[in-house]
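Q: I'd like to learn how to read a ligand site in a model. Can you walk me through one?

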Amino acid sequence: MIKPLARRTLLAAALTLPALGALAAPLTLGFSQVGAESEWRSANTASIKAAARDAGITLKFADAQQKQENQVKAIRSYIAQRVDVIAFSPVVESGWDTVLKEAKAAGIPVILTDRAVKVSDPSLYVSFIGSDFVEEGRKAARWLLERAAKNPNAALNIVELQGTVGSAPAIDRKKGFEEVIKANPRLQIIRSQSGEFTRAKGKEVMESFLKQRDKKIDVLYAHNDDMAIGAIQAIEEAGLKPGQDIVIISIDGVRGAFEAMKAGKLNVTVECNPLLGPQLMQLARDVVAKKPVEKRITVNEGVFPAEVAAKELPNRKY
Ligand code: GYE
């Protein structure tokens, strides 16, 4: 015979179970990724997929191949499928008002990850989680200023490989870098062009920089490691020593950069953490549960010069 207390417990369990079942209905997240342009991006995608799996979140994932029109299509299809929440990493900053208004009208919250947008109405997204790209540009320049201070009379000609035209990291990394190098008028950016965040384009643009022989190139500032790695190849093919004849600074801190630093071909990388998956899943849950969330969530990151590369490489997670 069941004791009254136990019977009450059983009854309570029977009553709460269906309710719990309803609460635990898996949440569906529609995610539109920029593409697969870099090591950073592959690590970011892997982090998002693994975190969704771990959190029991149903992930609908689309790769936009660096094209805004593909992202707009993906977001529209997530709206049509009535997902619980949409997240995306916007390839460029502008041109999102219309589709974000459609999401808002459908009552589907939108989270930005990694890159920012410029919109007329900030309520078109609930939160933005990602790095401070202006600060990354400043960190890159501060490293160069310090190095330049050791040889105060030398003028340094800098070439810049920018990221995707119109993207938040390209705009902000340029801005932060320029802001800081102004302090030393002997540091001048003599050429600046987009290498689209890819190795192939980074190599191609660096080749064209090297062919213009009017000015000696002392420093390369690349907005990401992949473009720096492509450029290293171009520099070697031109018979020069990357890391020595040309000082190379880049951003992301991916494994490939640490390997290049160990080999003495890259001088420094500024960290940009792509492992945003776990935080994104928590945010998605909070947003769907209508909990208050921060409008801007940033990530803490370091600077790694070549001298620490060998020691740090085994600790790197991407
Ligand atoms: O630095 C680059 C990638 O948006 C922070 O995009 C990201 C950038 C990253 O392609 O490698």
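A: Sure, starting with helices, which are DSSP runs of H or I, at least four residues long, numbered from the N terminus. Here helix 2 (39-55) and helix 6 (168-181) each supply at least two residues of the shell around the ligand. This is a predicted model: local features need pLDDT of at least 70, side-chain atom pairs count only at pLDDT 80 or more, and totals for chains, interfaces and linings use all residues. Residues are numbered from 1 along each chain as its sequence is written, and side-chain values use heavy atoms, leaving out hydrogens and water.

Q: Which residues come nearest to the ligand?
A: A residue is near if one of its heavy atoms lies within 4 Å. Among the 13 residues around the ligand, the nearest are Glu37, Asp114, Arg115, Arg173 and Asp252.

Q: Which polar contacts does the ligand's oxygen make with Asp114 and Arg115?
A: A polar contact is a pair of N or O atoms within 3.5 Å. A side-chain N or O atom of Asp114 sits 2.8 Å from a ligand oxygen, and one of Arg115 is 2.7 Å from a ligand oxygen.

Methods
Polar contact = N/O pair within 3.5 Å; in protein donor to acceptor, adjacent residues only side chain to side chain.
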